[in-house]
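Morning, everyone. I have one structure to go through today, so let me put it on the screen.

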Amino acid sequence: MKETVKAEYRSKRVSQIPPYVFSTINKKKAELKKKGVDIIDLGIGDPDLSTPSHIVEKLKDELGDPANFKYPNYGGIPELRQAIADFYKTRYGVDLDSDSEVLVLIGSKEGIAHLVPALIDPGETVLTPDPGYGVYRTAIQLANGVPHSMPLTKSLDFKPDFDAIPEDVLEQAKLMFLNYPGNPTSATVDVDFFEKVIHFAKKHHIAVAHDFAYNMVTFDGYKAPSILQAEGAKEIAVEFGSFSKTYNMTGWRIGYVVGNSSIIEALSVIKSNTDTSQFIPIQKAAAFALTSDQSCVEQHNDIYKERMDTMINALKEIGINVQVPRGSFFIWAEVPHGFNSMDFAEMLLQEVGIVVTPGSAFGDGGEGYFRISLSVPTERLIEAVGRLKKYFSNL
Ligand SMILES: *Cc1c(COP(=O)(O)O)cnc(C)c1O
């Protein structure tokens with residue numbers, strides 16, 4: 001009864017959002033757990049590591065000052081905007097005006113979702129990577145826009161084939177999402193790629209939004225480039241940054257967008273009418289995270305790298321095709337012959353009690369793959385590796 005009543009109140013906009021893709025797996029997971037099966041969840045994209053203590057202490061200090069309990073500035077406190085601008089200058093050699101080219105977000109997801117209605121009108125097209133982070137597609141649908149998938153395939157190192165986008169789509173397209181290091185593919189790029197993107201985007205008058213959530217989660221000396229390092233990028237592109245993955249601050253809800261000032265201005269119109277930025281102590285702690293000792297970032301990456309090697313070696317041993325990532329804490333692996341993504345994920349759950357994310361959960365382009373997240377304690381990952389090896393050697 002309740003369900004039908006609720007559905008009646010739903011807008012068409014909301015009704016068209018597909019049901020949560022993990023529901024079957026979550027249901028099965030709950031059933032097995034109830035039976036006492038020890039489930040190892042390699043599906044979650046939330047770091048198991050905790051926020052470095054100096055950042056937590058800074059938050060506590062700021063909680064002592066009642067001046068911090070006021071409404072913050074809409075665009076974020078000047079101290080944090082400046083810290084972000086300085087970070088871009090030091091890390092990428094990119095100059096940013098902290099007033100007009102930096103905007104603080106309540107997590108980058110919030111900004112990504114609000115960017116779409118800020119830039120596009122109903123019926124306009126947005127190019128989106130497939131497989132990709134689900135928020136791009138749902139935000140486009142909520143804004144009554146038209147998503148156009150750009151398939152990411154192994155043969156092009158999980159970069160879009162811009163030549164394959166039909167001419168009429170290019171004419172309609174107003175915005176493009178990109179994400180490197182990528183979730184779920186863990187693909188990485190070099191500045192050359194962004195140079196091509198900017199050239200292409202300018203030619204077709206398409207704004208570019210680069211999701212840079214894993215900017216600092218990189219290995220083996222690889223340094224992920226900012227799209228703003230590409231020539232002329234600021235004329236057409238913005239980049240989303242997050243504290244969630246770099247400093248294990250997912251629940252703090254703090255991120256930012258930088259780049260083209262008129263795109264940022266459009267986004268800030270939506271934001272100033274829907275929220276009033278993040279709690280000042282959280283913003284101050286985030287500024288502190290960027291300006292204080294960065295050795296924690298290296299330490300986290302060393303942990304991910306060790307887990308990565310452990311899991312990759314095991315997958316190769318059991319005959320699963322994988323590429324060694326240079327960034328993100330995900331492994332994007334091919335499902336063995338005879339399975340589709342969902343079947344394989346269900347099989348792993350049923351047979352070895354391991355949750356992975358079926359590639360198809362990230363779009364049709366993810367079919368044939370599964371994603372392993374390394375954000376579980378190392379002992380659990382080793383336990384998972386043991387189970388996988390045992391199961392596959394007995395097949
Ligand atoms: C985790 C993640 C985000 C969201 O980050 P928040 O700043 O916590 O909102 C955005 N994009 C991708 C690809 C992610 O994996």
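I'll cover the domains, then one pair of helices, then a pocket. Keep in mind that this is a predicted model.

Domains to begin with. The domain assignment splits the chain into domain 1, made of 12-50 + 295-394, and domain 2, which is 53-291. So you can find them on the screen: domain 1 is written as two stretches, 12-50 and 295-394. Taken over C-alpha atoms, the centres of domain 1 and domain 2 are 26 Å apart. Domain 1 puts 33 residues into the contact, and domain 2 puts in 33 residues as well.

Now the helices. Please look at helix H4, residues 53-62, and helix H11, residues 280-291. Their axes come within 8 Å and cross at roughly 145°. The crossing of H4 past H11 is right-handed. Which residues meet there? On H4 they are His54, Ile55, Lys58, Leu59 and Glu62. On H11 they are Pro281, Ile282, Lys284, Ala285, Phe288 and Ala289. By type, the residues of this contact come out as seven nonpolar, one polar and three charged.

Last item, the second largest pocket. How much space does the second largest pocket hold? About 290 Å³. There are 13 residues lining the pocket, and those closest to its centre are Lys159, Pro160, Phe162, Phe193 and Lys196. The lining divides into six nonpolar residues, one polar and six charged.

That's what I have. Questions?

Definitions and conventions: Residues numbered from 1 in each chain as written. Predicted model: local features only at pLDDT ≥ 70, side-chain atom pairs only at ≥ 80, totals over all residues. Heavy atoms only, no water. Axes fitted to C-alpha atoms, helices over the stretch in contact; angles between N-to-C directions. Helix = DSSP H or I, 4+ residues; strand = E, 2+ residues; numbered from the N terminus. Left-handed = near helix turned anticlockwise from the far one by under 90°. Contact = heavy atoms within 4.5 Å. Nonpolar A, V, L, I, M, F, W, Y, C, P; charged D, E, K, R; others polar. 1 Å grid on protein atoms, 1.4 Å probe; cavity = no way out; pocket = protein on both sides within 12 Å on 5 of 7 lines; lining within 4 Å. Points joined across faces, edges and corners; volume = space filled by probe spheres on them. Domains from an automatic or database assignment.
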